[in-house]
Structure formats: C-alpha cells, structure tokens
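Me: Please pick one part of this model and go through it closely, residue by residue where that helps. Then work outward from there, and give each cut-off as the term comes up.

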Amino acid sequence: MTLKLLTAIFARIWALWGIIWFIATMLVFLPYFAILRFMVPEPNRTRLFISASRIWMGIYMPLIGCPFRVRGKENFRKGQNYIVVCNHNSFLDVPITSPGIPGTNKTIAKKEFASIPLFGIIYQLGSVLVDRKSEQSRRESYTKMKHVLDMGMHMCIYPEGTRNKTDEPLKPFQDGAFRLASETGKPLMPAILFNTRKALPADKPFFLLPHKLEMHFLPPIEVQPGETVKELKEKVYEVMKTFIEQH
C-alpha cells in the first residue's frame, strides 16, 4: 500500500471518529443552546452562546487531534467592535472562528444549514443567515449585520464568499464587508486561518486529518475619509494575501 492510500484510509476512519465526537459533544450542550435559542433575548443570547461554544470547541478540537491556537488578540481594542474579515478554506472555519474571536460575535452563514435537525438550532444562534440565491435575503442579511454592529457585537464575514478551492492564497473579495465598514465606520479586523484546509479539505468528502490549527488577527484597518469601497477592499486583500504568503 502506498502512503497516499494509507493516508486516505486513515482520514476516512478519522472522519468517522470526528463525527461521533461532534454528535456526542453537541448533545451535551444542546439543551443549554435550546434554552438560549427560545428564551434569552439578544445580545445576551449570543454572548452566552459564544462563551459556551468556546468550552465546547475547547473539548472537541483536541479530541479530533486539531488543537486550536489564536494569535493577535491584543489587536482588539476594549470597547470597540469590529468587522472581522477572514479567509475561508474549509467547513472547519466557522466552528472555530466564532469561539476564536474575542468577545461576542456573529458570522454570516448559509441559510441551508439551518434546516439540519438539532444542529440547526445551534447554527442559528451564532449566525446571520443568508440565502445567496435570493436578492431579498441578501438585502435583509445586510440590514441584520448592521444591527449586530449596533448592538456592540463583532461581525465576522468571509469576503471570498465561498471556500477557496484554488491554489491561490485568496479568492477575489466581494464588496459586502467593505461596504458595511464604509457605511458604519467600523474598523476592519483581518483574520487568517491556517491549516483548516489540510485538516478538512474542501475537495475531499468524508475526510479528516489531525493537524494543529491557527487563527491570526492582524492590526485593524480603519476606513479613511474619502476612501472608496474598492480601495478599501484592495487594501485589505493585499494585507491578508501578503501575510499568508509570508507565513
């Protein structure tokens, strides 16, 4: 047997291990999350959800051999909330960015996953849901993201839109996060995830490998007077791309 074949076999077995532990740990936290979902108003609902998610992922990620380390938390200024813009390579990104971001936060996320039984309850708690095929849904999600910022929470957005399956460090950015920053005046916090693609590749179904994961927060970028959305987008793109290439 070749090393590649052995790795593929192990990755499928490890994926089953990951699913078993995900379901087991989810069921432990589910009653608490259900209470939050239906009985606690915002923003306390999201604050308590994120706190519990940090405990959940702090247990789950080491169990699947993917310990998670966060760097650059000092770039968050006390009393200031941010639009966090993060690269997107894997389905692992969302469950680690929410607990990885310091403070209360929500993430823009696909509406389809909210219909998954039981998991959908949890998925909705930390998300602003959007149906990317619906223009009305996109408009409504944009308004909801503004409301998240108004409540003092951070808003996490993946400006690539979908997972990056290319060989490039980043896919081209969409305008949404940068238009939101321009209109609200909130600073942008670039965030870089490393190794999630190695642990859970986007192009390999039912595949999981143990791997150390990291999230790096870079210095925040303020919206400058007269700066266009295009200029802001290009500036943030270059900062994030350079950091990925250097590390």
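Reply: Helices and strands are taken here as DSSP runs, helices being H or I over at least four residues and strands E over at least two, both numbered from the N terminus. The model is predicted, so that local features need a pLDDT of at least 70 and side-chain atom pairs count only at pLDDT 80 or more, while totals for chains, interfaces and linings use all residues. Residues are numbered from 1 along each chain as its sequence is written, and side-chain values use heavy atoms, with hydrogens and water left out.

The part I would start from is strand β3, which covers residues 105–110 and pairs with strand β4, residues 127–130, in the parallel sense over four bridges; pairing here requires that DSSP finds at least two bridges between the strands. Within this pair, Ile108 has Val128 of β4 as its bridge partner. Between the two strands the chain passes through helix α4 (residues 119–125), and this β-α-β crossover is right-handed, meaning that with the strands pointing away from the viewer the path from the first strand over the helix to the second runs clockwise.

Asn105 belongs to strand β3, and with a relative accessible area of 0% it is buried, where buried stands for under 20%, exposed for over 50% and partly exposed for what lies in between (1.4 Å probe, protein chains only). Apart from neighbours within four places in sequence, Asn105 is in contact (heavy atoms within 4.5 Å) with Thr46, Ile50, Ser98, Gly126, Met153 and His154. Between Asn105 and Ile157 the C-alpha separation is 11 Å, with their positions 52 residues apart in sequence.

Two residues of the strand, Thr107 and Ile108, lead on to Tyr158, since both are among the residues that Tyr158 contacts once its neighbours within four places are set aside; the others are Cys86, Asn87, His88, Asp93, Val94 and Thr97. Tyr158 sits in the loop between β5 (154–157) and α6 (176–184), and because its relative accessibility is 7% it counts as buried. One of these contacts, Asn87, is 71 residues away from Tyr158 in sequence, yet the two C-alpha atoms are 5.9 Å apart.

Helix α3 joins the picture through both residues, as Ser98 is in contact with Asn105 and Asp93 and Thr97 are in contact with Tyr158. This helix runs over residues 93–100 and is largely enclosed by the rest of the structure, because six of its eight residues are buried. Those six are Asp93, Ile96, Thr97, Ser98, Pro99 and Gly100.

A further connection goes through charged side chains: Lys106 is linked with Glu42 and Arg45 in a network of salt bridges, a salt bridge being a side-chain nitrogen of Lys or Arg within 4 Å of a carboxyl oxygen of Asp or Glu. Within that network, Glu42 and Arg45 form a salt bridge whose closest N and O atoms are 3.8 Å apart, and Glu42, at 28% relative accessibility, counts as partly exposed. The backbone is also notable at this point, as the peptide bond from Glu42 to Pro43 is cis, with omega near 0 degrees, and Pro43 is placed in the loop between α1 and α2 (44–63). For comparison, most residues other than glycine have a negative phi, and most peptide bonds are trans.

At the other end of the strand, the loop between β3 and α4 holds Leu118, a residue other than glycine whose phi has a positive value, near 65 degrees. With a relative accessible area of 43%, Leu118 is partly exposed, and together with Leu16, Ile19, Ile20, Ile23, Leu27 and Phe206 it makes a nonpolar surface patch of about 620 Å². Such a patch joins nonpolar side chains (Val, Leu, Ile, Met, Phe, Trp, Tyr) within 5 Å, or like charges within 9 Å, from residues with over 30% relative accessible area and no salt bridge, the areas coming from the Shrake-Rupley method with a 1.4 Å probe and only the protein chains shown counting as cover for residues. Among the patch members, Leu27 lies in helix α1 (residues 3–39) and is partly exposed, at 43% relative accessibility.

A second positive phi outside glycine, near 80 degrees, belongs to Asn195, in the loop between β6 (188–194) and α7 (196–199); at 22% relative accessibility Asn195 counts as partly exposed.
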